[in-house]
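Please look over the sequence and the fold before you begin, and try each exercise before you read its solution.

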Amino acid sequence: MTTLQVIQAGIVPYAEALAWQRELAEDRIAGRLTHDVLLLLEHPPVVTLGRNSHAAHLLQPAGIEVFEVERGGDVTFHGPGQLVGYPILDLHAYKQDLHWYLRTLEQALIDALGILAIPAERNPGLTGVWTRGRKIASIGIHVKQWVTWHGFALNVTTDLTHFDRIIPCGIPGVVMTSVERERGAGSREQLWEESVGAVLTGFERVFGASIIPSAERAARPVVAEPGLQPTE
């Protein structure tokens, strides 16, 4: 059984989180980090463009940071109330198959939403998780030497109007939703705590990992390297 350290990092600026992920991934590749890590955090409002993004899918770039990154997928939004997960996993310990990894991430979130009493499913031919025809979670990954970074974004109490800035994941007509909108009950703090717990249970189920919670933030870069600056 593999060990997965979970770090709940609070609100972290996107550039800082990206530098942190890259550092952890390089440490995992080099063997300096001997266990897998799952970063759970929130970002201030930001738009990210994946390798397959199209400029036309960013409808309102004014007034928000925009980052071009190495993950797969198109354009997405991150912001407060969205549970962002960055798994730094060495797939040598699981399965060296990107399709398997994507489907397993989806299943972890499907299981988590089931715990939250929200019926969830895949949308054939598309990556991510849907409920009742609406998209509730996005996934975009990068893998180097079978070590993963980037990951998933689950809308918990997200202000969904932010998605009006983009064509989410480049899917015309997609309707975004959240745990809060689908559940319609409980305080935001309660929904957040329940969602985190459900996601961790989902990860335990599908990856078979032994989860070790971290009481403190791990050391992380505080200044982004030059390649992490937002686009103009």
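The exercises below work through a predicted model, one topic at a time.

**Exercise 1.** Find out which residues have a pLDDT under 50, and say how the protein scores on average.

*Solution.* Begin with the whole protein, which averages a pLDDT of 91, with 92% of the residues scoring at least 70. Then turn to residues 222–232, where pLDDT stays under 50 and for which the model has 15 contacts beyond four places in sequence. Where pLDDT is low, the predicted coordinates should not be read in detail.

**Exercise 2.** Determine which strands pair with strand 9, and in which sense.

*Solution.* Take strand 6, residues 82–88, which pairs with strand 9 in the antiparallel sense over four bridges; within this part of the structure, G85 stands opposite F152. Next take strand 8, which also pairs with strand 9 in the antiparallel sense, here over eight bridges, and in strand 9 the residue opposite A137 is L154.

**Exercise 3.** Decide whether strand 9 is enclosed or open, and give the reason.

*Solution.* Count the buried residues, where buried means under 20% relative accessible area. Nine of the nine residues of strand 9 are buried, and therefore the strand is largely enclosed by the rest of the structure. One residue located in strand 9 is H150, and because its relative accessibility is 1%, H150 counts as buried.

**Exercise 4.** Locate the residues Q145, W146 and H150, and describe their phi values.

*Solution.* Start at the hairpin of strand 8 and strand 9, which has two residues between the strands and in which Q145 takes a positive phi near 50°. W146 lies in the loop between strand 8 (134–144) and strand 9 (147–155), and although W146 is not a glycine, its phi is positive, at about 70°. W146 counts as partly exposed because its relative accessibility is 27%. Finally, move on to H150 in strand 9, a residue other than glycine whose phi is likewise positive, near 60°.

**Exercise 5.** Describe the largest pocket by its space, its lining and the classes of its residues.

*Solution.* First note the space in the largest pocket, about 520 Å³. Its lining is made up of 31 residues, and those nearest its centre are G72, G73, T127, I139 and G140. Two or more lining residues come from each of strand 5 (75–78), strand 6, helix 2 (98–115), strand 8 and strand 9, and the largest share, seven residues, is given by strand 8. Sorted by class, the lining holds 14 nonpolar, 13 polar and four charged residues.

**Exercise 6.** Place T157 and G197 in the structure, and state for each whether the residue is buried, partly exposed or exposed.

*Solution.* T157 belongs to the loop between strand 9 and helix 3 (179–183). Because its relative accessible area is 8%, T157 is buried. Leaving aside residues up to four places away in sequence, T157 touches G81, E180, R188 and L191. G197, for its part, sits in helix 4, which covers residues 188–207, and because its relative accessible area is 33%, G197 is partly exposed. As a last step, compare sequence with space: G197 and I115 are 82 residues apart along the chain, while their C-alpha atoms are separated by 9.3 Å.

How values were computed. Residues numbered from 1 in each chain as written. Predicted model: local features only at pLDDT ≥ 70, side-chain atom pairs only at ≥ 80, totals over all residues. Heavy atoms only, no water. Buried < 20%, exposed > 50% of the residue type's maximum accessible area, 1.4 Å probe, protein only. Pairing = 2+ DSSP bridges. pLDDT = per-residue confidence, 0-100. Contact = heavy atoms within 4.5 Å. 1 Å grid on protein atoms, 1.4 Å probe; cavity = no way out; pocket = protein on both sides within 12 Å on 5 of 7 lines; lining within 4 Å. Points joined across faces, edges and corners; volume = space filled by probe spheres on them. Nonpolar A, V, L, I, M, F, W, Y, C, P; charged D, E, K, R; others polar.
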